[in-house]
Amino acid sequence: MSESSGERPARRHRVVVFVRDGLLPIEFGIVHRLFGEARSRDGEPLYEVLTCALEPGIVRTDTDVTLSVEHGPALLGTADTVVVPASDQDYEPPEDGGLPRHLADAFAHIRPGTRVASICTGSFVLAAAGLLENRRATTHWKSADAFRRLYPDVHLDPGVLYTHDGTVLTAAGVASGIDLCLYMIRVDHGASVANEVARGTVVPPHRSGGQAQFVTAPVPEADGASTSGARARALARLDQPLSLRELAAGESMSVRTFTRRFRAETGMSPTQWILEQRITRARELLENTDLPVDDVAGAAGFGTATSLRQHLARTVGVSPSAYRATFR
């Protein structure tokens, strides 16, 4: 079946990347690589990833290379997910915050209910198109002031990696675009598929959307002190009680110093980080084992099935049994 026909292969979710002049090539590559790596248990591709532009032809990037794009904007009308990477055009958005006519005509092809996501300052395009009105969103922290001025009706949170509000998602920058793509894969196909994609591309399998955009001390300080050892020990003992005092003592730090350094290195408090690791462990066990829910709760460190149900409902929105039924 020809991709140019606009017909979609059976059972495959179509992701369309909408590129503009001034494209950041790495953001374009992220989407193709991560969604392109996702496979079913039988090894079949789970996504079809295509690219379109305002018109077929050569698209300028912000480097010394160009991109040859086969499809025009009509392809947007066939998408299940549309991803809009950043462009150097976003650094000087229209003063009225409006969507230029050529972009409005392109976005008119997008069907109602289509999932739409942006990376970095691609959020300016989504906002100008009215897709972010009264929704939570993020953008690169350097562009936050301009975004607020132009789009006061958007609930901007420039301190997080990515957001998900209804059918619209936004990522703060290049690296968080990786996090956002993995998040969408996790939502679509579960933690196991997303983790395999992460392993294949050698990136962390999960960073929460609520994690801080700007980590003040991403590498250990000169004295060599770090909380990485405590994180490794915690991962090996998620099924056991983990006290902050014990974790700090293992690194020969006071609780206060440990907590401060942990947040500087991860963007989260130790308690938040441990909870996220336990939720991830529970999801993996629900997907890949037949363990009873009580045993999953114990193995992930939640203690009781009731506690697991509460945390899974808060973070994923479903019960353990419903999650297992969806992703097994």
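Helix pairs whose axes cross at under 35 degrees count as roughly parallel, those over 145 as roughly antiparallel, those from 65 to 115 as roughly perpendicular, and the rest as oblique. In this predicted model, the axes of H9 and H10 cross at roughly 60 degrees and come within 9 Å, so these two helices are oblique to each other. On the H9 side the contact is built from Phe258, Thr259, Phe262 and Arg263, and H10 answers with Pro270, Gln272 and Trp273. Sorted by character, the residues where H9 meets H10 come out as four nonpolar, two polar and one charged.

H10, which covers residues 270-288, also packs against H6. Here the axes are 8 Å apart and the angle is about 110 degrees, so H6 and H10 end up roughly perpendicular to each other. Ala191, Ser192 and Asn195 are the H6 residues involved, and they meet Arg283, Glu284, Glu287 and Asn288 of H10. The make-up of this H6 contact with H10 is one nonpolar, three polar and three charged residues.

Stepping back to the whole chain, there are 13 helices and 10 strands. Of the 328 residues, 48% are buried. Counting contacts between residues at least 6 apart in sequence, 65% link residues at least 24 apart.

Now for the interior. The largest nonpolar core has 37 residues, and the members touching the most others are Val19, Val31, Phe35, Tyr47, Leu180 and Ile185. At least two residues of this core come from each of the strands E1 (13-18), E2 (47-52), E4 (66-69), E6 (115-119) and E10 (168-171), and likewise from each of the helices H1 (25-37), H5 (174-189) and H6 (191-201). H5 is the top contributor to the core, with six residues. Isoleucine 185 gives a feel for the packing: leaving aside residues up to four places away in sequence, its contacts are Leu34, Phe35, Ala38, Tyr47, Gly190, Val193, Ala194 and Val197. Apart from this core there is another, made of 28 residues that include Phe18, Ala137, Ala144 and Phe147.

Phenylalanine 18, one of the residues named in that 28-residue core, sits in strand E1. Its relative accessible area is 0%, so phenylalanine 18 is buried. With residues up to four places away in sequence left out, phenylalanine 18 touches Cys52, Ala53, Leu54, Leu76, Val83, Val84, Pro85, Leu103, Ala106 and Phe107. The last of these partners lies 89 residues from phenylalanine 18 along the chain, yet the C-alpha atoms of phenylalanine 18 and phenylalanine 107 are separated by 9.7 Å.

Some loop residues are worth a look too. Threonine 78 belongs to the loop between E4 and strand E5 (81-84). With a relative accessible area of 16%, under the 20% cut-off, threonine 78 counts as buried. Its side chain reaches the backbone oxygen of leucine 75 at 2.8 Å.

The loop between helix H8 (244-250) and helix H9 (255-266) holds serine 252, and glutamate 251 is found in the loop between H8 and H9 as well. Glutamate 251 has a relative accessible area of 19%, so glutamate 251 is buried, whereas serine 252 is exposed at 71%. The side chain of glutamate 251 makes a polar contact of 2.5 Å with the side chain of arginine 233. Setting aside residues up to four places away in sequence, glutamate 251 touches Ser226, Gly229, Ala230, Arg233 and Phe258.

Backbone angles bring up serine 252 again. Most residues other than glycine have a negative phi. Serine 252, which is not a glycine, has a positive phi near 55 degrees. Asparagine 134, also not a glycine, has a positive phi of about 60 degrees. Asparagine 134 is located in the loop between helix H3 (123-128) and strand E7 (136-137). At 52% relative accessibility, asparagine 134 is exposed, the cut-off for that label being over 50%.

Conventions:
Residues are numbered from 1 along each chain as its sequence is written. This is a predicted model: local features need pLDDT of at least 70, side-chain atom pairs count only at pLDDT 80 or more; totals for chains, interfaces and linings use all residues. Side-chain values use heavy atoms; hydrogens and water are left out. A nonpolar core is a set of buried Ala, Val, Leu, Ile, Met, Phe, Trp, Tyr and Cys residues joined through side-chain atoms within 4.5 Å. Buried means under 20% relative accessible area, exposed over 50%, partly exposed in between (1.4 Å probe, protein chains only). Helices (H or I, at least four residues) and strands (E, at least two) are DSSP runs, numbered from the N terminus. Contact means heavy atoms within 4.5 Å. A polar contact is a pair of N or O atoms within 3.5 Å; within protein, one must be able to donate a hydrogen and the other to accept it, and residues adjacent in sequence count only if both atoms are side-chain atoms. Axes are lines fitted to C-alpha atoms, for helices over the stretch in contact, and angles run from 0 to 180 degrees between N-to-C directions. Ala, Val, Leu, Ile, Met, Phe, Trp, Tyr, Cys and Pro count as nonpolar, Asp, Glu, Lys and Arg as charged, and the others, Gly among them, as polar.
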